[in-house]
Amino acid sequence: MPMPNPSAPTPTSPIGTLLQVDGLTFHVPQRALFSRWSACIGPGVTLVQGGENSGKTSLLRLLAGDLAEQAGSLQIKGASLQPQPLAYLQQVFWIDPRTEVFDALSPHQFFAQQRA
């Protein structure tokens, strides 16, 4: 998924939506990363791509509930992050890409450990 234009809302279509983002806003001191960004993301694999310091990790942290949005709402399968944080976070699997905890594991070992 290419990085959203931080100032342009994206049209939404809730049919088949797993993750719904409405009006997501997040600014860092240097600039706005997201301003009123909306999207409906269905099940499956989604690619997040962009240049260095374009906000990829911030977006993933926001969607995972690891970083608080400044405005907007996030919803997974009907559970909203703000009024229902536990229900929302139970639907999310997040590993911070900056961690080195899992670097020594092969993908097979990692997933076997998750199933245990």
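These notebook entries record what I looked up in a predicted model of a single chain.

**Entry 1. Overall layout**

I began with the secondary structure and found three helices and four strands. Following the sequence, I noted the order β-β-α-β-β-α-α. I then looked up burial and found that 27% of the 116 residues count as buried. For the surface, I recorded an exposed area of about 7,400 Å², of which carbon and sulfur atoms supply 56%. I also checked how contacts are spread along the sequence. Among those between residues at least 6 apart, 54% join residues at least 24 apart.

**Entry 2. The nonpolar core**

Which residues have the most contacts inside the largest nonpolar core? I listed Leu 19, Val 21, Leu 24, Phe 34, Trp 37 and Leu 74, in a core of 17 residues. Two or more residues come from each of E1, strand E2 (31–41), helix H1 (56–64) and strand E3 (71–76). E2 gives the largest share, with five residues. As background, I noted that nonpolar side chains in soluble globular proteins tend to be buried together.

**Entry 3. Strand pairing**

I turned next to the strands. E1 pairs with E3 in the antiparallel sense, over five bridges. Within that topic I noted that Val 21 stands opposite Leu 74 of E3; both residues were already on my list of those with the most contacts inside the core. E3 also pairs with strand E4 (residues 79–80), again in the antiparallel sense, over two bridges. Here I found Gln 75 with Ser 80 of E4 as its bridge partner. The hairpin of E3 and E4 has two residues between the strands, and I recorded a positive phi near 45 degrees for Lys 77.

**Entry 4. A polar residue in E1**

Is Gln 20 buried or exposed? I placed Gln 20 in strand E1 (residues 19–28). Its relative accessibility is 17%, and since the cut-off for buried is under 20%, Gln 20 counts as buried. I then searched for a partner and found that the side chain of Gln 20 makes a polar contact with the side chain of Asp 22, at 3.1 Å.

**Entry 5. Aromatic pairs**

I searched the whole structure for aromatic pairs and obtained four. One of them joins Phe 34 and Trp 37, with 6.1 Å centre to centre and 35 degrees between the planes, and it is tilted. Phe 34 and Trp 37 are both buried.

Why is the pair of Phe 93 and Phe 110 edge-to-face? I found the ring centres 6.1 Å apart and the planes at 65 degrees; the limit for this class is over 60, so the pair is edge-to-face. I then located the two residues: Phe 93 lies in the loop between helix H2 (85–89) and helix H3 (107–115), while Phe 110 lies in helix H3. The pair therefore ties together parts that are 17 residues apart in sequence.

I compared the burial of these two residues. Phe 93 has a relative accessible area of 57% and is exposed, whereas Phe 110 has one of 12% and is buried. Finally, I followed the ring pairs outward and found that they link Phe 93, Phe 102, Phe 110 and Phe 111 into a cluster.

Notes:
Residues are numbered from 1 along each chain as its sequence is written. This is a predicted model: local features need pLDDT of at least 70, side-chain atom pairs count only at pLDDT 80 or more; totals for chains, interfaces and linings use all residues. Side-chain values use heavy atoms; hydrogens and water are left out. Buried means under 20% relative accessible area, exposed over 50%, partly exposed in between (1.4 Å probe, protein chains only). A polar contact is a pair of N or O atoms within 3.5 Å; within protein, one must be able to donate a hydrogen and the other to accept it, and residues adjacent in sequence count only if both atoms are side-chain atoms. Contact means heavy atoms within 4.5 Å. Accessible areas come from the Shrake-Rupley method with a 1.4 Å probe; for residues, only the protein chains shown count as cover. A nonpolar core is a set of buried Ala, Val, Leu, Ile, Met, Phe, Trp, Tyr and Cys residues joined through side-chain atoms within 4.5 Å. Rings of Phe, Tyr and Trp (its six-membered ring) pair if their centres lie within 6.5 Å; planes under 30 degrees apart count as stacked, over 60 as edge-to-face and the rest as tilted. Two strands pair if DSSP finds at least two bridges between them.
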